[in-house]
Amino acid sequence: MKLKSIIIAGMSVLALGGLALPAGAQTFKFAFQADAQSLDPHSLNETFTLGLLGNVYEGLISYDKDMNRVPTLAVGWEVLSPTKWRFDLRQGVKFQNGNDFTAEDVVFTWERMGSEGSDQKALAGLIENITIIDDYTIEIDTPIPNPTLLNDLVTMYIMDKEWAVANNATKSSSPADAGRDGSYATTNANGTGPFMVESRQPDVKTVLVRNENYWGNDSIATNVQRVEFTPVSQAATRVAALLSGQIDLVYPVPVQDWNRLGNADGVSALTGPEARTIFLGMDQARDELLYSSVKGANPFKDPRVRHAFAFAIDINAIRETIMRGAATPSGLMWAPQIQGYNAQANTPHPFNPDKARSLLADAGYPDGFTVTMDCPNDRYVNDEKICQAVAGMLAKVGVTIDLLAQPKSQYFAKVLAQGGYDTSFYLLGWTPGSMDVFNVFNNLIACRNEEGTVGGFNLGGYCNERIDELSRIIASETDVELRQAAIDEAAQILKDEAGYIPLFQQPLSWGVRDGVSVAQRADNVLDLRNVVMP
Amino acid sequence: MLFFIGRRLYQAALVMLTVALVAFAMFQYVGDPVSNLAGQDTTVADRELLREALGLNDSVLEQFGRFIFNAVQGEFGQSYRMRVPVSDLIAERFPATLELSLVSALIALIVGIPMGVYTALRRNSWLARSFMTLSLIGISLPTFLIGIFLILFFGVILQWLPTFGRGQVVDLGWWTTGLLTASGWKSMIMPAITLAVFQMTLIVRLIRAEMLEVLRTDYIKFARARGLTERSISFSHALKNTLVPVITIIGLQIGSLIAFAIITESVFQWPGMGLLFIQAIGEVDIPIMSAYLLLIGFVFVLINLIVDILYFSIDPRLRVER
């Protein structure tokens with residue numbers, strides 16, 4: 001069989017006059033539930049889009065299969081002062097069109113990320129200036145000391161300046177100007193990475209081929225020469241495609257299909273932990289809840305009510321019944337893979353419905369109350385089922401939940417800033433893009449500011465001034481121990497006040513054909529550098 | 001005749017305008033596209049800028065007016081999610097849907113008409129009864145269930161047929177076809193059958209009922225009295241006279257095959273317009289949704305027109321009256 005396929009491959013090489021792949025070429029086929037929105041690495045800061053493009057483009061630094069930072073287009077760095085870093089760039093690297101990679105491309109990329117239309121302006125704003133020392137040395141100035149700069153640089157994918165200038169793509173494309181002048185980079189790509197885009201039909205198929213001139217070809221594990229990526233939106237269709245042997249890897253696989261994959265020949269489910277924390281949030285900003293039977297007061301302003309909710313929820317039961325045992329219960333708002341994690345602080349509230357009832361009675365709600373819960377139904381693993389379980393558990397302590405489960409587009413339109421934080425009680429999940437805890441503080445825990453630059457996803461308006469102070473320390477403290485002390489103190493305050501109710505980290509769920517070796521990264525990114533075909 | 005067509009086209013424009021207006025009114029409730037277009041680190045201010053740039057802060061009527069103004073010039077805007085012109089996307093996806101619809105309509109006709117005639121002529125035979133039972137199952141089973149059964153049996157267990165996609169397609173420049181390759185045909189079988197089952201059972205039942213009606217009429221009795229063969233009576237007299245209502249229904253059904261291939265397309269990840277549309281709904285891709293609804297409105301109007309014209313050629317009575 002193997003021999004036959006080699007012969008066939010050989011024949012096709014002859015037939016196509018040597019244009020086809022070398023004999024024995026490995027084609028890897030995978031499916032995800034959606035497509036990357038664009039090939040422009042600066043136009044959308046979204047996990048899958050950046051994950052796919054990470055095979056074509058590269059940053060100065062990247063994550064290996066265990067989420068350790070490894071030098072990539074930078075070979076080394078040095079902290080000159082708390083706000084000044086020097087990076088030595090890798091020499092002899094070529095873009096896929098043959099152009100040389102130099103310091104100019106780094107500066108250009110940074111400028112492009114700050115351009116109008118870019119979705120990475122926040123990232124670009126972490127850098128104040130980049131100075132070119134010579135072709136392969138740069139100095140980066142940051143506006144404040146930034147202990148997480150190296151993590152932040154991972155998704156700063158370097159683009160070739162000459163290529164962008166030649167194709168009128170010097171500014172990042174945005175959804176508003178797609179298809180017009182300047183959107184060349186949306187449908188074309190030219191990075192330094194190990195794979196090149198051969199063809200792409202949005203939402204139908206994207207084909208990548210191996211970059212034979214890749215600088216790191218000797219250091220990456222993969223033997224894949226060609227990659228066919230197909231978005232398959234229906235979960236049942238995705239699983240069937242894997243079971244029928246047409247696809248080598250699919251994700252995500254519904255949790256309830258794990259047994260089926262386990263029982264089938266030739267495939268298995270990969271179910272490692274994801275760095276995404278699922279939690280509940282409560283409106284603590286308004287004087288009266290928008291959706292509750294309690295009038296003239298906001299029960300969530302009382303920490304006893306928030307603690308009561310936390311005590312009423314049996315996280316282990318949710319884990320066992322809904323998540324098939326594959327979630328990691330969490331007492332923190334960030335996962336073990338996140339920089340700043342402290343295992344000692346990770347104990348969740350124990351399940352104690354009696355205590356919940358007495359806390360509610362103390363707070364003046366002996367008969368409970370009614371509140372509406374907002375929940376997405378197509379965003380996280382079994383999200384709606386989790387909300388139903390939470391509603392059931394709260395019912396047992398007297399709190400009646402009106403569950404409003406909606407598709408993510410409607411859900412986010414309602415609960416996010418643009419909807420005016422239109423929620424009283426909600427479920428949300430969060431993976432910090434930088435894999436560092438500051439991102440969690442800045443987006444979820446710190447008090448919301450007027451401009452919406454801090455606390456943009458703090459939908460319940462939780463606010464504690466001491467945590468805000470600590471958050472600023474976490475942002476800029478470069479001493480690891482002092483920084484961890486600040487993190488631990490803030491975590492303790494948050495837990496004492498029950499500002500949020502963390503539930504667990506959801507599992508990753510990939511289905512893989514036996515014999516195909518992949519690395520399942522905690523950020524749910526499929527890095528093709530780690531894919532080895534039999 | 002020309003007057004008739006002209007009037008129909010005028011009505012078509014009205015219908016499409018109404019469809020577009022209703023669609024735009026509904027778009028206010030499908031969610032916020034910006035939450036899918038911005039990463040989680042994007043600030044509230046930047047999200048607001050994007051909303052402004054996309055014109056989402058304008059009133060419904062303004063957005064509708066702008067859409068119509070552009071649509072009249074053949075400009076349907078850019079897909080938010082895929083960031084390419086909507087007209088390109090539809091042109092790219094239309095062949096897949098049309099091929100699937102036509103093949104399944106053909107299956108429905110080729111299998112359905114003889115079955116219908118047979119069940120009418122041999123009403124009490126064992127075979128006719130089992131055809132009727134089958135058609136009952138076909139008409140009551142939901143499409144996605146049939147699709148998933150087929151995938152499970154022929155795709156996963158037997159592994160004879162591909163479970164998703166269109167297979168190898170040949171690009172003719174202005175049209176991509178899966179009908180010229182073996183893998184294209186193999187990929188076509190299951191979706192086409194899934195889509196055809198409902199239409200087929202509808203045709204069987206319709207033809208049977210109409211045939212039974214016609215077979216009771218006087219001219220059939222007269223034809224028998226003239227001593228014509230049973231074959232000539234059934235096919236050239238009876239069947240021909242059942243065709244007017246059948247063509248109406250089939251015509252409209254082809255419209256719905258194109259419009260409502262959505263479910264079949266998403267079960268088989270068939271890269272047609274239905275799949276494009278359903279994913280656009282999930283991601284609130286308003287330009288795609290509006291262009292699609294307008295196009296489907298147009299297809300229905302067009303098919304109605306063709307059906308009306310067909311009446312003239314099939315039914316001589318209409319020609320006399322006009």
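Is A:Asn382 buried or exposed, and how many other C-beta atoms lie within 10 Å? The legends below take up this residue first and then move on to other views of the model, which is a predicted one.

**View 1. A:Asn382, a residue with a positive phi in a loop of chain A.** A:Asn382 sits in the loop between β15 (370-376) and α13 (383-395) of chain A. Its phi is positive, about 50°, although the residue is not a glycine. As for its surroundings, A:Asn382 is buried, because 21 other C-beta atoms lie within 10 Å and a residue counts as buried when there are 20 or more.

**View 2. A:Asn524, another residue of chain A that has a positive phi without being a glycine.** Here phi is near 65°, and the residue belongs to the segment that follows β19 (510-513) of chain A. A:Asn524 is buried, with 21 other C-beta atoms within 10 Å.

**View 3. The cis peptide bond between A:Tyr251 and A:Pro252.** The bond that joins these two residues is cis, and its omega is about -5°. A:Pro252 lies in the loop between β11 (249-251) and α9 (258-263) of chain A.

**View 4. Helix α15 (residues 437-445) of chain A, a mostly covered helix.** Of the nine residues in α15(A), eight are buried. These buried residues are A:Val437, A:Phe438, A:Asn439, A:Val440, A:Phe441, A:Asn442, A:Leu444 and A:Ile445. To see what covers the helix, follow the buried residues outwards to their partners in chain A, where they pack against the strand β17 (425-430) and the helices α16 (465-476) and α17 (480-497).

**View 5. The packing of helices α10 (residues 303-312) and α12 (residues 353-362) of chain A.** The axes of these two helices are 8 Å apart, and the helices pack at an angle of about 160°. That angle makes α10(A) roughly antiparallel to α12(A), since angles over 145 degrees are counted in this way. The crossing of α10(A) with α12(A) is left-handed. On the side of α10(A), the residues that take part are A:Arg304, A:Val305, A:His307, A:Ala308, A:Phe311 and A:Ala312, and they meet A:Pro353, A:Lys355, A:Ala356, A:Leu359, A:Leu360 and A:Asp362 of α12(A). Sorted by class, the residues of this contact are eight nonpolar, one polar and three charged.

**View 6. The packing of helices α5 (residues 86-121) and α10 (residues 230-259) of chain B.** In this pair the angle is about 150° and the axes lie 11 Å apart, so α5(B) and α10(B) are roughly antiparallel to each other. Their crossing is right-handed. From α5(B) the contact takes B:Thr97, B:Leu98, B:Ser101, B:Ser104, B:Ala105, B:Val117 and B:Leu121, while α10(B) contributes B:Ser234, B:Leu239, B:Ile254, B:Leu257 and B:Ile258. By class, eight of these residues are nonpolar and four are polar, with no charged residue in the contact.

**View 7. The two assigned domains of chain B and the contact between them.** The domain assignment divides chain B into domain 1 (2-72) and domain 2 (92-319), and the C-alpha centres of the two lie 32 Å apart. In the contact, 17 residues of domain 1 of chain B meet 13 residues of domain 2 of chain B. The elements that give two or more residues to the domain 1 side are α1 (2-27) and α4 (60-72) of chain B, and the largest share, 10 residues, comes from α1(B). By class, this side of domain 1 has 13 nonpolar, two polar and two charged residues.

**View 8. The contact between chain B and chain A.** Across this contact, 46 residues of chain B touch 47 residues of chain A. On the chain B side, at least two residues each are supplied by α2 (34-37), α3 (44-53), α7 (143-157), α11 (262-267) and α12 (273-282). The largest share of that side, six residues, comes from α3(B). By class, the chain B side has 22 nonpolar, 16 polar and eight charged residues.

Notes
Residues are numbered from 1 along each chain as its sequence is written. Chains are lettered from A and ligands numbered from 1 in the order in which they are written. This is a predicted model: local features need pLDDT of at least 70, side-chain atom pairs count only at pLDDT 80 or more; totals for chains, interfaces and linings use all residues. Domain bounds come from an automatic or database domain assignment. Two residues are in contact if their C-beta atoms, placed from the backbone, lie within 7 Å. Helices (H or I, at least four residues) and strands (E, at least two) are DSSP runs, numbered from the N terminus. Ala, Val, Leu, Ile, Met, Phe, Trp, Tyr, Cys and Pro count as nonpolar, Asp, Glu, Lys and Arg as charged, and the others, Gly among them, as polar. Axes are lines fitted to C-alpha atoms, for helices over the stretch in contact, and angles run from 0 to 180 degrees between N-to-C directions. Angles under 35 degrees count as roughly parallel, over 145 as roughly antiparallel, 65 to 115 as roughly perpendicular and the rest as oblique. A crossing is left-handed if the near helix is turned anticlockwise from the far one by less than a right angle, and right-handed if clockwise. A residue is buried if 20 or more other C-beta atoms lie within 10 Å of its own, exposed if 12 or fewer, and partly exposed in between; C-beta atoms are placed from the backbone.
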